[in-house]
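Biologist: I'd like to learn how to read helix packing in a model. Could you walk me through it?

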Amino acid sequence: MPEPVVNNLSTPSKPADRRLFWGWLLLALVIILLDQQSKSYFNQNLLYAERWNVFPFFDFTLLYNPGAAFSFLAGGSGWQKWFFLGIAAVACSLILYWLRRNPGQRMFCASLSLILGGALGNVIDRLLHGHVVDFLLFHWKGWYFPAFNIADVAITCGAILLLIDEFLRVRKQRQSQDD
């Protein structure tokens, strides 16, 4: 009878896997630091809703978002802060679990690290300020894309990488079945 597999979920078992796991966490930390530094800069150098025109289609601005993406639930009475913090806590826990379990899957882990760093960057804002600080604004002839920040960029890039990774995984799986 085979021996039961004991899985220590606190860290991966192989030294190489442990290094990769900590590398993915380091990537998330870099995202958090870039996000928080950029938000701090614009929070200190712009007044609320002030705009610095950079290109005819792009401005730096300072806006606060108590809601989620595209100001979803921004009009809530404050309960949404705790709702979003709860979602972030669950998501971050799952991401850490997946990073520990799959540290060698590079695209998958890179995408998760970007999402983790972005999510935690916005969580820090919610905890410190009660809202998320946004400062990147794209517009064209009266049309405005909702303002966003580095954390949002990281989350979006991570989600795109995750979709690409899944597409490639399914494609590879189909090819191996066809062979």
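Biologist: How are α1 and α3 oriented to each other?

Modeller: Two packed helices are described by the angle between their axes and the distance between the axes. Here α1 and α3 pack at about 40°, with axes 8 Å apart, and are therefore oblique to each other (neither under 35 degrees, nor over 145, nor 65 to 115). Axes are lines fitted to C-alpha atoms over the stretch in contact, with angles from 0 to 180 degrees between N-to-C directions. By class, this contact has 13 nonpolar, eight polar and four charged residues.

Biologist: What should I know about the model itself?

Modeller: It's predicted: local features need pLDDT of at least 70, side-chain atom pairs count only at pLDDT 80 or more, and totals for chains, interfaces and linings use all residues. Residues are numbered from 1 along each chain as its sequence is written, and side-chain values use heavy atoms, leaving out hydrogens and water.

Biologist: Which residues does tryptophan 24 touch?

Modeller: Contact means heavy atoms within 4.5 Å. Leaving aside residues up to four places away in sequence, tryptophan 24 touches Leu99, Pro103, Arg106, Cys109, Ala110 and Ser113.

Biologist: Is alanine 49 buried, exposed or partly exposed?

Modeller: Buried is under 20% relative accessible area, exposed over 50%, partly exposed in between (1.4 Å probe, protein chains only). Alanine 49 has 42%, so it counts as partly exposed. This alanine also has a positive phi of about 70° without being a glycine.

Biologist: And what about lysine 141?

Modeller: Lysine 141, at 75% relative accessibility, counts as exposed. Its phi is positive too, near 45°.

Technical notes
Helices (H or I, at least four residues) and strands (E, at least two) are DSSP runs, numbered from the N terminus. Ala, Val, Leu, Ile, Met, Phe, Trp, Tyr, Cys and Pro count as nonpolar, Asp, Glu, Lys and Arg as charged, and the others, Gly among them, as polar.
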